[in-house]
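The exercises below ask you to read sheets, loops and charged pairs from a model. Each task is followed by a solution in steps.

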Amino acid sequence: MAKQYKVVHCTVNGKEIEQVVDVRSSLTDMLRNDLHLTSVKKGCEVGECGACTVIINGEGFNSCIYLAVWAEGKEIWTLEGLTGPGGELSDIQQAFVDEGAIQCGFCTPGFIMTSWEIVNSGKEYTDDELRKALSGHLCRCTGYENIFRAVKKTMLRHLGKFEEAELVNSQGITEYPEPMPFK
Amino acid sequence: MSNKYIGQAVTRLDAHDKAMGRIKYTDDMCDKSALVIRVLHSTVANGIVKSIDTSEAEKIPGVVRIFTCFDLKEKHYYPTAGHPWSTDPHHQDIADRLIMTDHPLFYGDDIGAVVAEDEVAASQALRILEKSVVYEELPFVLDAQEAMEEGAPLLHEKFPNNVLAHTEIHMGSVEEAIKEPGLIKCEGWYETQPVQHCHIENFICYAYGEGDRTVVVTSTQIPHIVRRVIGQATGMDWGKFRVIKPYVGGGFGNKQDVLYEPLCAWISIQLGGRLVKLDVPREETFICNRIRHAIKYHITSWMRPDGSFAARTFKAWCNNGAYSSHGHAIAAKGLNAFPQLYPCDNIDGETWTVYTNRSVAGAMRGYGMPQASYAFEVHAEDCARAVGMDPLEFRRKNLMPVGYYHAFSKNELYSDTFNQCFDKGAEIIGYYEKAKKYANQTGDIRRGIAASTFWYNTAVYPIALETSSCRIVMNQDGSVQFQLGETEIGQGADTVAAQMIADTVGIPLSMVHPISCQDTDVTPFGTGVYASRGTYTLGFSVRQTALLLKEKILEAAHQFTRMPVYNLDLVDGKIIRTTDGRELMTIGELALSKLYTTEGSQHLTAESTYQIKSNAYSFGVCFAEVEVDIPMCRVRVLNIVNVHDCGQVINPLLAAGQVHGGQSMGIGYALSEKLLWDEKTGRPLNNNLLDYKMSSFMDHPRLVADFVENYEPTSAYGTKGLGEPPTCPVAPAIRNAIGQATGVYINELPLSPHTLFREFTDAGLINDSFAEE
């Protein structure tokens, strides 16, 4: 099959771009190879692991199963775009650092993008809803424990519930809730 | 030395850059001009490659070159295990692997490779090439015990009956001991399944020529070992290769093996040093890297009515897959642990490691002990029930006692670790109240609670070499860089080493910088990270080297302050006169002066190697509380608590993270993960993250990690192994809890709905028409 190329116009991390892509390319390929946004990770390339998650028009997508040509006219955010111009971390990034939610770091960019969508949604997720919303991401290092805490705390802070955020269990064992029954 | 940073929950030094997404992993560093390698894998489980017709595949635009097993003119068999080399031939790993083979021994074995300008061309060529391979198919065997039978297909001529190794232990006399009247016998078969590491970064490497050498950049735990093995696999001098390890997206033991670095380097050499990249797809990571050994156990115990052991026997059959990789070491670890965890005067034990036509099993977090712990702790639970004792009291009575000394390893249990961990864990989870509450339940949905322990040690002494090297280089402002042979792979080795250096040298942590990217040309020699050894082994060389540097600093301070060295100290970045506590100069002033002085200018650096001749037990416990939906055959983990004694905790935040990761891997191992092969063809059936069920965010309860800290006396900083232990006790704790809830005690893994359906039906808990069909 002969190669076919197409020009894609979109906004990436707030910047308008025009990019020639092979029509067979995934958005992951375009972001990594053409735009050098290497925070977008490849863990499976079939939409199973979530490492390549980016925000497209406000919603998280696995960019590995999203064709680059579909990005035409879209607004895309990757992890690189969350860091401020002076290198300052956004609150969700900082929470991942502070809560020990990062180990090897390979799943981190995708996780932070979905978390960013959650904390900016203005919605208060229950614990079960949070777990479900984050379950498109696989992590083998953390057991998700500290990631959960980072996201929940940041979500509560976004909702102005600062005191409640501080009460989210830290790595201590004093508060031990009665588990919820089967649903 | 005072502990300012040791024991503190400082955040990872690389966390900030990882949160920004600017940390470079292997693929991020590779130039986009790289040619792409895709490996041609066998589609038979055992056979001879008669021919491969490359002509059609070569016509695909973008294909640069196709290599087949017939292009390998010199056959250099090589070992792949990430073990330290031994100059004694009897202690060397088995060399049974080739870069490409014309006699594939498992579905997925490497028989050729396509090199193309891009992934699409490489994949298209590969699909055509796969159809052009002509095999003479041979019978294959997937089960370890069947592979030992007469007439089973033989994988390696030097290993009759496919037995890679067989070892035995005998203590006292089981035959005599069981004559004692009134003994109670408990016996069982216990079976564990093959699983995969599933680090989110697949294995990847790339290679290129530089001068007359080849540089290999690879996602590995063991760069110095990789260099040696590439040399062995290509028949070239080891110094002809330079191996670079960038940040690694998880290893868990899979990357403690040499995987595709030799093939990648060899191809680059064939192409005159062109840049070639070998990025393993997830589907191939599952079956063409390494997996966890499936091990089948048979254990019998004879107990007195008071619950003490009179005699015990242990047998294990370990399915090693098609090549040796780590070989017998994994099965042997379980055999070695058996008489130690529950000591008994009369023991017979034996274990076989067996070649089969399955994916190659190697190191994986726990190194045989998640399997053995399952058998040990499931059996212990059943023994307690057989004698009518509380399972926790039974363990407390029989577990390795304080002061236990193991002559071969020189390990000693210095503290009352087991009881302390059980006490703490039981209190956190409310074990005794819940165990009582959950006794004698009826109904469809029931809860259970149980505990489990395990045996583990920290490093590989005295079985293999333990050596650690460190280099610390001081800058003009008194800050330092350091390098270690122990690799950062996500566990936090760089951060804990920096904490140690800051405290030992006496400078702020903000002045200590790890050089995380390792390069065998410049990083001091080390064998990498494995065996939960990192924090323990690096501690020795870090402390020794930091003290050497401090000695040089204080000598320089003597030059500039005129004070005798014995009256000087370096504390928090300041040279202090110890006699009156006066601050004489800062480390920045000293470092600057020492470099630029016109009398005795010196670059302040230190480097040293420490050979470790000790090891340390590292124990802990797991408590699990589950809810079982009997008609749905579903288990939900409600609560899980691990308590570990890893000695001095250097960094509580990172230590808890290690425990969480181990618990998580243990939950998947207990409930859902299992690699499957088609019995008729030997073809893998679920080598992807959709069909292979890792435990996801929703399968996890809140994970609780806690510690008892008994300072390890053999250790440079009182610390000992923690990376692997948390995985070991999880599956048996969950199994025992399911047993408490339902009365059905299951002896295999995973405890998936498929297994539970069969077991609950057999036990009469489910009896509908569907089950009776």
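For the helix packing treated below, contact means heavy atoms within 4.5 Å, and the angles between axes run from 0 to 180 degrees between N-to-C directions. The model is predicted.

**Exercise 1. The eight-stranded sheet**

Determine the strand order of the open sheet of eight strands in chain B, and then state which helices lie across β9 and β10 of chain B.

Solution. Step one is the order, which reads β3-β4-β1-β11-β8-β9-β10-β21 in chain B, with mixed pairing. Step two concerns the ends: β3 (63–68) and β21 (518–519) of chain B each have a single partner strand, so one side of each is left without a neighbour in the sheet. Step three looks at one pair within the sheet, where strand β9 (residues 213–218) and strand β10 (residues 241–245) of chain B run in the parallel sense and share four bridges; B:Val216 has B:Val243 in β10(B) as its bridge partner. Step four adds the helices. Helix α7 (residues 223–234) of chain B lies across β9, β10 and β21 of chain B and runs at about 145° to β10(B). Helix α8 (residues 261–270) of chain B lies across several strands, including β1 (35–41), β9 and β10 of chain B, and its direction makes an angle of about 35° with β8(B).

**Exercise 2. The four-stranded sheet**

Find the edge strands of the open sheet of four strands in chain B, and describe how β18 and β25 of chain B pair.

Solution. Begin with the order β20-β19-β18-β25 of chain B, in which the pairing is mixed. Here β20 (512–514) and β25 (605–611) of chain B stand at the edges, and because each has a single partner strand, one side of each lacks a neighbour in the sheet. From one strand to the next the twist averages 20°. Turning to the pair in question, β18 (residues 467–474) of chain B and β25(B) are antiparallel over seven bridges, and B:Val473 stands opposite B:Thr605 in β25(B). Finally, helix α15 (residues 493–506) of chain B lies across β18, β19 (480–484) and β20 of chain B, running at about 125° to β19(B).

**Exercise 3. Backbone exceptions in loops**

Where are the cis peptide bonds before B:Pro462 and B:Pro750, and which loops hold A:Asn13 and B:Asn161 with their positive phi values?

Solution. As a reference point, most residues other than glycine have a negative phi, and most peptide bonds are trans. The bond from B:Tyr461 to B:Pro462 is cis with omega near 5°, and B:Pro462 is placed in the loop between β17 (445–453) and β18 of chain B. B:Leu749 and B:Pro750 are likewise joined by a cis peptide bond, with omega about -5°; B:Pro750 is in the loop between α19 (730–742) and α20 (753–762) of chain B. For the phi angles, A:Asn13 has a value near 50° and is found in the loop between β1 (5–12) and β2 of chain A. B:Asn161 has phi near 60° and lies in the loop between α5 (144–147) and β6 (163–171) of chain B, where its relative accessibility of 31% counts as partly exposed.

**Exercise 4. Charged pairs**

For the salt bridges of B:Glu284 and B:Glu136, identify the partner and the elements that are linked, and decide whether the residues are buried or partly exposed.

Solution. The whole structure contains 53 salt bridges over all chains. The side chain of B:Glu284 meets that of B:Arg38 at 2.9 Å, N to O. This pair links helix α9 (residues 282–288) of chain B, which holds B:Glu284, with strand β1 of chain B, which holds B:Arg38, across 246 residues. Both B:Glu284 and B:Arg38 are buried. For the second acid, the closest N and O atoms of B:Glu136 and B:Lys50 are 3.5 Å apart; since B:Glu136 lies in strand β5 (residues 133–137) and B:Lys50 in strand β2 (residues 47–52) of chain B, the pair ties together parts that are 86 residues apart in sequence. Buried means under 20% relative accessible area, so B:Glu136 at 37% is partly exposed, and B:Lys50 at 48% is also partly exposed.

Note on methods:
Residues are numbered from 1 along each chain as its sequence is written. Chains are lettered from A and ligands numbered from 1 in the order in which they are written. This is a predicted model: local features need pLDDT of at least 70, side-chain atom pairs count only at pLDDT 80 or more; totals for chains, interfaces and linings use all residues. Side-chain values use heavy atoms; hydrogens and water are left out. Two strands pair if DSSP finds at least two bridges between them. Helices (H or I, at least four residues) and strands (E, at least two) are DSSP runs, numbered from the N terminus. Buried means under 20% relative accessible area, exposed over 50%, partly exposed in between (1.4 Å probe, protein chains only). A salt bridge is a side-chain nitrogen of Lys or Arg within 4 Å of a carboxyl oxygen of Asp or Glu.
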